[in-house]
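Good morning, and thank you for joining this group meeting. Please look at the sequence and the structure as they appear, and keep both in view while I speak.

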Amino acid sequence: GLTIMIKGRAGTGKTMLALQLAASIVAQGHIAVYLSAEEDPNLLIERLSYAGYAKGPSDAYNKTFKREDGEFSLVAGNFIKPNQSVDIASQLQQNGRGTLLLISIPNRKTFYSRKSQILKNLYQLFQNFAQQKVYVCSVLDSLDAVLENGGRRLYEEVFNFAKRQRGIGIFISEEHGEEDYSSMPRDYLADMVIKVGYRRRV
């Protein structure tokens with residue numbers, strides 16, 4: 001598995017970068033789950049056009065997006081269905097098309113708890129596709145919104161959850177100043193840290 005932290009100040013393009021990474025992964029025939037506590041899924045769908053993805057045929061269940069490097073299906077909502085992996089696997093077998101799930105987190109406080117149905121069903125997705133040579137990417141936007149008062153042990157659990165076989169975890173974190181040391185402990189838990197910012201004139 002691989003974990004990536006994308007950090008920077010507000011408005012520097014963290015969400016757009018994470019969305020592009022997720023879309024690129026599913027365009028290659030894999031799975032991505034974008035968990036958003038900050039952005040409305042409909043706004044994220046609009047942003048896909050900025051990354052060069054055009055809308056294709058749609059039905060009541062999903063939408064299709066395509067670019068020259070591939071196409072994928074998109075499903076938006078505020079939960080992951082228990083049998084979601086069955087639907088996705090069926091589609092992969094039929095046309096080899098990956099799926100991007102845009103999930104709005106309805107309750108930030110209970111998101112990472114034993115009662116969280118979203119995490120339970122996300123775990124099933126990881127388990128079901130681990131043996132099928134299909135990567136499952138999970139994006140958490142943002143780490144600060146969901147684990148506002150988390151300690152190192154909790155961060156370790158979250159990062160290890162995403163770092164499963166054929167798992168890719170992308171975490172978005174916001175910086176609040178030039179010397180913001182509050183996020184340093186969790187930076188060391190990530191395999192890769194990408195810091196985004198504004199271009200400065202010298």
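I begin with Asp187, whose place is in helix α8. Helices (H or I, at least four residues) and strands (E, at least two) are DSSP runs, numbered from the N terminus. Asp187 has a relative accessible area of 13%, so the residue is buried. Buried means under 20% relative accessible area, exposed over 50%, and partly exposed in between, with a 1.4 Å probe and protein chains only. Not counting residues up to four places away in sequence, Asp187 touches Met5, Lys7 and Val193; contact means heavy atoms within 4.5 Å.

Before going further, I should explain the basis of these statements. This is a predicted model, in which local features need pLDDT of at least 70 and side-chain atom pairs count only at pLDDT 80 or more, while totals for chains, interfaces and linings use all residues. Residues are numbered from 1 along each chain as its sequence is written, and side-chain values use heavy atoms, with hydrogens and water left out. The term pLDDT is the predictor's confidence in each residue, from 0 to 100. The chain has a mean pLDDT of 85, and 92% of its residues reach 70 or more. Among the elements of the chain, α1 has the highest mean pLDDT, 95, and helix α4 (residues 108-111) the lowest, 74.

Let us return to the region after α8. Leu189 lies in the loop between α8 (184-187) and β9 (192-195). Leu189 counts as buried because its relative accessible area is 18%. Beyond its neighbours within four places in sequence, Leu189 is in contact with Thr3, Arg152, Tyr155, Glu156 and Phe159. Leu189 and Val158 are 31 residues apart in sequence, and their C-alpha atoms are 9.9 Å apart in space.

Thr3, one of those contacts of Leu189, lies in strand β1 (residues 2-8). Thr3 is at 1% relative accessibility and therefore counts as buried. Outside the four places on either side in sequence, the residues that Thr3 touches include Phe159, Gly169, Phe171 and Leu189.

What is the largest nonpolar core made of? A nonpolar core is a set of buried Ala, Val, Leu, Ile, Met, Phe, Trp, Tyr and Cys residues joined through side-chain atoms within 4.5 Å. The largest has 35 residues, and Leu35, Leu122, Phe129 and Leu143 have the most contacts inside it. Elements that each supply at least two residues of this core include β2 (31-36), α3 (84-95), α5 (117-130) and α7 (152-162). α5 gives the most to this core, with 6 residues. Apart from this core lies another, of 27 residues, among them Ile6, Ala22, Ala23 and Cys137.

Within α5, the buried residues are Ile118, Leu119, Asn121, Leu122, Leu125, Phe126, Phe129 and Ala130. An α-helix has 3.6 residues a turn, so residues three or four places apart point the same way. Leaving aside its neighbours within four places in sequence, Leu122 is in contact with Val33, Leu35, Ile80, Ser138 and Phe161.

Helix α1 (residues 14-26) allows a check on length. Its 13 residues should span 18 Å at 1.5 Å a residue, and its end C-alpha atoms are 19 Å apart, which agrees; the expected span is 1.5 Å times one less than the number of residues.

I close with two further features. A cis peptide bond joins Asp141 and Ser142, with omega about 10 degrees, and Ser142 has its place in the loop between β7 and α6. As for the loop's neighbour β7, this strand, α5, α7 and β8 (167-174) each supply at least two residues of the lining of the largest cavity. On a 1 Å grid over the protein atoms alone, a cavity is a set of points where a 1.4 Å probe fits but cannot get out, and lining residues have an atom within 4 Å of a point.
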